[in-house]
Amino acid sequence: MELIFDTHAHYNDEAFQEDRKEVLSGLKANGVGMVVNACAALREIPEILALAEEYDFLYAAVGVHPSETYELADEDIDVLEQVAFGEIAGDVQADGTRTDKIVAIGEIGLDYHYPDTIREKQKDWFAKQIDLAKRVKLPIIVHSRDAAKDTQDMIKSEGARDTGGVIHCFSYEPEMAKAYTDMGFYIGIGGVVTFKNARKLKEIAQQMPMELMLLETDCPYLAPEPFRGRRNDSSLIHYVAETIAGLRGMSKEDVIRITTENARRFYRM
Ligand code: NI
């Protein structure tokens with residue numbers, strides 16, 4: 001049976017401090033074949049790259065989450081660029097080519113949830129990182145919360161369509177999901193789809209084009225039912241696949257096979 005691809009996780013998080021090795025080493029036995037570790041802040045990059053080096057099935061995204069942009073200085077984009085082009089942390093092979101462990105720029109985007117958010121700074125860094133993704137020719141992982149219109153406007157105005165992307169942990173209306181899939185963007189679906197009150201996300205999971213769906217955990221956050229509120233890890237992604245299978249009247253095996261194919265295509269593996 002095809003192994004599951006968890007397209008968005010945070011294994012550098014301190015929630016895995018005690019048992020990271022055990023959790024990661026056990027994933028294959030639990031049916032999880034590949035994981036992309038998403039980056040939220042510059043300070044996380046060394047550990048994210050080290051984890052990608054240590055585990056063959058673990059890949060890395062590099063980028064700065066909107067809620068972490070407040071502390072950035074303009075020249076930090078150069079640091080990110082050096083990392084993304086493989087000029088830091090041994091991502092360059094002897095012949096000068098990059099290894100393929102950095103597979104996306106992310107997570108980047110807009111998050112207006114907290115009232116003290118500096119929106120202009122978030123927008124500036126979203127634009128800078130979309131531009132970087134285009135130059136390094138990697139897709140973007142987009143985090144967007146309470147910022148539906150600005151996110152969509154910027155994805156269009158900054159030409160993010162050229163580089164491709166996923167709206168991770170999708171939380172907006174079905175109409176917005178359609179607008180994204182119409183432009184070839186992927187939709188990341190995780191534990192929230194198993195929640196009883198997630199009516200809109202269930203509708204999206206049921207109706208969106210199957211070839212643009214990615215499975216993700218966002219672990220240690222957003223554990224699916226019946227583990228809601230507990231620490232999440234990639235082995236619980238089975239509950240997400242099962243829920244989607246039920247909504248679409250498909251087998252769980254088909255959901256896994258198709259979403260794993262999608263993830264490989266999206267991350268260009
Ligand atoms: Ni995340």
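These legends describe close-up views of a predicted model. Local features need pLDDT of at least 70 and side-chain atom pairs count only at pLDDT 80 or more, while totals for chains, interfaces and linings use all residues. Residues are numbered from 1 along each chain as its sequence is written, and side-chain values use heavy atoms, with hydrogens and water left out.

**View 1. The nickel ion and its donors.** His8 (NE2), His10 (NE2), Glu107 (OE) and Asp218 (OD) coordinate the nickel ion at 2.1 to 2.2 Å. Donors are N, O and S atoms within 2.8 Å of the metal (3.2 Å for Na, K and Ca); water is not among the atoms, so sites may look incomplete. The angles among the 4 donor atoms run from 86 to 173°, and the site is irregular. That term covers anything that is not tetrahedral (four donors, all angles between 85 and 135 degrees), square planar or octahedral (four and six donors respectively, opposite donors over 155 degrees apart and all others between 65 and 115).

**View 2. Histidine 10 and aspartate 218.** This pair links distant parts of the chain, 208 residues apart. Histidine 10 sits in the loop between β1 (4-9) and α1 (20-25). Aspartate 218 sits in the loop between β8 (213-215) and α8 (237-248). Helices (H or I, at least four residues) and strands (E, at least two) are DSSP runs, numbered from the N terminus. Histidine 10 is buried at 6% relative accessible area. Aspartate 218 is buried too, at 9%. Buried means under 20% relative accessible area, exposed over 50%, and partly exposed in between (1.4 Å probe, protein chains only).

**View 3. Two cis peptide bonds in the loop between β8 and α8.** One joins cysteine 219 and proline 220, with omega about 15°. Another joins glutamate 225 and proline 226, with omega about 5°. Proline 220 lies in this loop, and so does proline 226.

**View 4. Aspartate 146, with a positive phi.** Phi is near 50° in this residue, which is not a glycine. Aspartate 146 belongs to the loop between β5 (140-145) and α5. Its relative accessible area is 47%, so aspartate 146 is partly exposed.

**View 5. Cysteine 169, with a positive phi.** Phi is about 45°, although cysteine 169 is not a glycine. The loop between β6 (165-167) and α6 (174-182) holds cysteine 169. At 23% relative accessibility, cysteine 169 is partly exposed.
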